[in-house]
Amino acid sequence: MANSASSDAFVEFDRVQKSYDGEVLVVKDLNLQMPKGEFLTMLGPSGSGKTTCLMMLAGFETATHGEIRLDGREINNIPPHKRGIGMVFQNYALFPHMTIGENLSFPLEVRGLGKSEREAKIKRALDMVEMGAFINRRPAQLSGGQQQRIALSRALVFEPELVLMDEPLGALDKQLREKMQFEITHLAHNLGITTVYVTHDQTEALTMSDRVAVFDDGRIQQLAPPDELYEQPQNSFVAQFIGENNTLEGVVKEIKGGIALVQLDDGELIDCKPINVSQPGERTRVSIRPERVEFNKDRLKEGAHTLKAEVLEFIYMGDIFRTRLRVAGNDEFVVKTRNAPDQVRLKPGTQIEIGWLPEDCRALDA
Ligand SMILES: Nc1ncnc2c1ncn2[C@@H]1O[C@H](COP(=O)(O)OP(=O)(O)O)[C@@H](O)[C@H]1O
Ligand SMILES: [Mg+2]
């Protein structure tokens, strides 16, 4: 790749910062490298800086500091329409007075393509999203899902190497959203397009992406494939934001042999995996996933620390059972078990003991 300074990344943010008002940084020291063909999602709460990053990559906003590179070239000073990037937004942004065919023709005309070439590409792009029959309709004559398919097809019609999508499915109902999630990922992978996708919906991020960048407060808190993000959160924010999570608070007593002994605030002791705690005396938030909690003593290791728990609520959910417990003063401690023939249904009011493998219990920042 030409001129690549430090890597062979296709998309690269190098120490990028952004301030709109010259005072507050809404993007703080962003470093990100994406290989060609990757589907990467920026996930985070509203206001965490996701759209700003996408707009800088597209060229509609400039970085206050740092460099953005595409295929090894710095693009800070290249105007949006010369970056070869397709974009899809939540509100479709189709031209209402034009037919679907004319909407798709527009990005091709801007790029100077002749009529017959345009027609071939439009047909192909509409067939990709199974909307070929709608070429002469206007946007208002289509449903929301159909309009979003057209917006997608318009972003792909000039065969961009990079496509940016900002909450593109936010306006659709749940069923259609899930169908479109699969369509988009299949299309992106089949065409070998590099995609940056923005959402605040963690399920969407986990199911669609090769890697997810979790944003909070203008920073990437963790960048990892979905399974790693869920199973190995690197800090409390990520543990809380991704999936359901149980939290217990306490103080690190000792760290030895890769295990942290933590004294919970009610005095009980548990073994954890030290993630971002480093010494005795530090406060910590311990994180355990609901499906990793064990209350069948036979399945716990000899000598494992257990905690007393009281069953508060049992919820039958069909495929799983969701049981709420009081553990170490926390009334919101949840256990999820699979609805198997031999599975115990815990009754409210029962006193039980729970435990887990130390590696499933992560000692994170307080
Ligand atoms: N054009 C703008 N002018 C001033 N502030 C902005 C502008 N766009 C976004 N912001 C601010 O920047 C921060 C990040 O916003 P944004 O990137 O839109 O976050 P997200 O997409 O994660 O919701 C927010 O505090 C927002 O209010
Ligand atoms: Mg946004």
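**View 1. The chain and its two domains.** The domain assignment, which comes from an automatic or database source, splits the chain into domain 1 (11–231) and domain 2 (244–365). Their C-alpha centres lie 40 Å apart. This is a predicted model, where local features need pLDDT of at least 70, side-chain atom pairs count only at pLDDT 80 or more, and totals for chains, interfaces and linings use all residues. Residues are numbered from 1 along each chain as its sequence is written, while chains are lettered from A and ligands numbered from 1 in the order in which they are written.

**View 2. What sits around ligand 1.** Here you'll find Y20, V26, G44, S46, G47, S48, G49, K50, T51 and T52 surrounding the ligand; a residue counts as near if its C-beta atom, placed from the backbone, lies within 6 Å. Helix α1 (residues 50–58) gives the largest share of this shell, three residues. Helices are DSSP runs (H or I, at least four residues), numbered from the N terminus. By class, the shell has two nonpolar, seven polar and one charged residues. Ala, Val, Leu, Ile, Met, Phe, Trp, Tyr, Cys and Pro count as nonpolar, Asp, Glu, Lys and Arg as charged, and the others, Gly among them, as polar.

**View 3. Helix α2 alongside helix α4.** The axes of α2 (residues 100–110) and α4 (residues 144–156) come within 8 Å and cross at roughly 30°. Axes are lines fitted to C-alpha atoms, for helices over the stretch in contact, with angles from 0 to 180 degrees between N-to-C directions. The two helices are therefore roughly parallel, a label for angles under 35 degrees. On the α2 side, I100, N103, L104 and P107 meet I150, S153 and R154 of α4, with contact set at C-beta atoms, placed from the backbone, within 7 Å. That contact holds four nonpolar, two polar and one charged residues.

**View 4. Helix α2 against helix α3.** Now look at α2 with α3 (residues 115–128): their axes come within 10 Å and cross at roughly 120°. That makes α2 oblique to α3, the label left for angles that are not under 35, over 145 or 65 to 115 degrees. Which residues in α2 meet α3? They are G101, L104, S105 and L108, and their partners in α3 are R118, K121, I122, A125 and L126. Sorted by class, this contact gives five nonpolar, two polar and two charged residues.

Definitions and conventions
Two residues are in contact if their C-beta atoms, placed from the backbone, lie within 7 Å.
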